[in-house]
Amino acid sequence: MSANSSFRVPMTKTPDIEAELVVLGAGPGGYTAAFRAADLGKKVVLVERAPVLGGVCLNVGCIPSKALLHAAKVVSETREMASAGLGFTPPSIDLAKLRGWKDGIVGRLTSGLSALAKQRKVTVVTGTARFVSAREIEVDRDGARSRISFEHAIIAAGSEPAKLPFIPHDDPRVLDSTGALDLADVPKRLLVIGGGIIGLEMATVYHALGSRVSVVELMDQIIPGADRDIVAPLMKHIKARYEQIHLDTKVSKVEPGSAGLTVAFEGAHTHTDTFDRILVAVGRVPNGRQLSLDAAGVAIDAQGYIPVDRQMRTNIPHIFAIGDIVGQPMLAHKAVHEGKIAAEVAAGRTSTFDARVIPSVAYTDPEVAWVGLTENEAKDKAIAYGKGSFPWAASGRALSLGRDEGLTKVLFDPETHRILGCGIVGPNAGDLIAEAALAIEMGADATDIASTIHPHPTLSETFAQSAEMFEGTITDLMPKQSQRR
Ligand code: NAD
């Protein structure tokens, strides 16, 4: 069998390829599973409908958005340094070049993946797969069909943007995350529907490029999964810069016209307004219904998710599922972790999903990150907690970045003083949260964290300082007499 990175299989009815393991979908979860299984000695076939590996994350998600967010950061930092006496002329924006730079970054990563697949002798088949039985899939590539039989399968077919019934999604002025990352132009007025992670990250990019941005969010706060105090500095930052932010509001109608898309809002801000472009970012739906799972007997729930056990097995024991298709949170790092478990179990190991926590990050400006227990969740579930918070206004490093609005908040078990959760808002919060995730996995307590010598001056000190706030040993701030220990 060829180990080519792209492989066109002949059209016959008997299996064209016999795989020990077939992986459906080559996003971060799928390619990780395929590579791990190959490293454990399995003969692996990786099926992907797109012509390149990497899935949504590498091609039209995490990576291109982070490239554009970096560009946005450079633009906004040059503006913000005016108050420090550094003046820059406004940037000239060559959209074609910016797009090319972003695509170049994606291309480097996806070609690296193809090389890794080749080195591991993973056979990559390009085409759209569906199950024909519990032991065979059919792959369609431009009408040419081929069959792959398997001993084990891992379904890693991901998710796609959710659509709203009253929105003319066919109108080219209505974008989803993929369209927004294409960067066709910079609209004068952009409406972002959904104040979640995708909506706010793309709002950050388009605002920096010159769009007047409005955001409409159904709930009473942006990023509803995070605590309000952690989101507040981001809300303040964007409120001062964006045209409008409507909370507790939904869009009830969108009418395309020659002057733009006229949008009817209902709720806390009932009115109509006209925009040049709309980005719809109201969540993602799993691709579970696109795979003829019934032919394999794989169960699927009402929302299209595939239920799995802690070894990532579906109800059919030799078929596994991982990533967005098995449920929330839809995050690449969760899919990667699950992919390794599924591959190891398929290869005969006894691995189990036993991660305590999965961190979440919005790469906005400022970044918002949280892991483990949130205060909202603690209150909802009546979980006892204590907390230590450290405002970045008292951090020398934050001040030297010209950013004092950040906050690090750590929740602890009031009895054992073990860390339960952490929320961070501020530049680089997404990198800083990893230390809290490690502390939770290791069962660290407040003294462990406070006594770990953190480099000075860094933003990472705020994590230890939050533990000192909880313990009452802080010297960088003046706690109340009753809180000193
Ligand atoms: P999301 O769930 O993060 O946010 C969607 C938002 O839309 C929510 O706040 C919701 O209340 C709101 N909403 C829903 N219906 C609405 C309506 N009719 N009108 C107005 N608001 C409405 O979803 P997303 O931002 O689309 O992202 C999809 C998935 O991708 C998420 O699971 C997210 O975690 C993941 N993702 C992660 C990252 C990252 O890790 N940085 C980046 C992008 C996407």
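Let's start with a pair of strands: β12 and strand β13 (residues 260-267) are joined by eight bridges and run antiparallel. Within this pairing, E255 stands opposite T262 in β13. Keep in mind as you look around that this is a predicted model.

The pair belongs to a wider arrangement. Three strands form an open sheet, in the order β12-β13-β14, with antiparallel pairing. β12 (249-257) and β14 (271-275) stand at the edges, and each has a single partner strand, so one side of each is left without a neighbour in the sheet. The sheet is also twisted: on average, its neighbouring strands are turned by 25° against each other, direction ignored. As background, strands of a sheet pair through backbone hydrogen bonds, and they can do this in a parallel or an antiparallel way.

Now move to another pair of strands. Strand β4 (residues 128-133) and strand β5 (residues 136-141) run antiparallel, with five bridges joining them. Here A129 stands opposite V139 in β5. To get from β4 to β5, the chain passes through a hairpin of two residues.

Next come the helices. A pair of packed helices is described by the angle between their axes and the distance between the axes. For helix α3 (residues 62-80) and helix α4 (residues 95-119), the axes come within 9 Å and cross at roughly 140°. Angles over 145 degrees would count as roughly antiparallel, and α3 and α4 are therefore oblique to each other. The crossing in which α3 passes α4 is right-handed.

Helix α6 (residues 197-209) is worth a visit of its own. How far apart are its end C-alpha atoms? They are 19 Å apart, which agrees with the 18 Å that its 13 residues should span at 1.5 Å a residue. As for its surroundings, 11 of the 13 residues of α6 are buried, so the helix is largely enclosed by the rest of the structure. Among the buried residues are G199, E201, M202, Y206 and H207. Just after the helix comes G210, whose phi is positive, near 120°.

Finally, step back to the whole protein chain. Its domain assignment gives domain 1 (17-160 + 285-346), domain 2 (174-282) and domain 3 (366-471). Between domain 1 and domain 3, the C-alpha centres lie 32 Å apart.

Definitions and conventions:
Residues numbered from 1 in each chain as written. Predicted model: local features only at pLDDT ≥ 70, side-chain atom pairs only at ≥ 80, totals over all residues. Heavy atoms only, no water. Helix = DSSP H or I, 4+ residues; strand = E, 2+ residues; numbered from the N terminus. Expected span 1.5 Å × (residues − 1). Buried < 20%, exposed > 50% of the residue type's maximum accessible area, 1.4 Å probe, protein only. Pairing = 2+ DSSP bridges. Axes fitted to C-alpha atoms, helices over the stretch in contact; angles between N-to-C directions. Domains from an automatic or database assignment. Parallel < 35°, antiparallel > 145°, perpendicular 65-115°, else oblique. Left-handed = near helix turned anticlockwise from the far one by under 90°.
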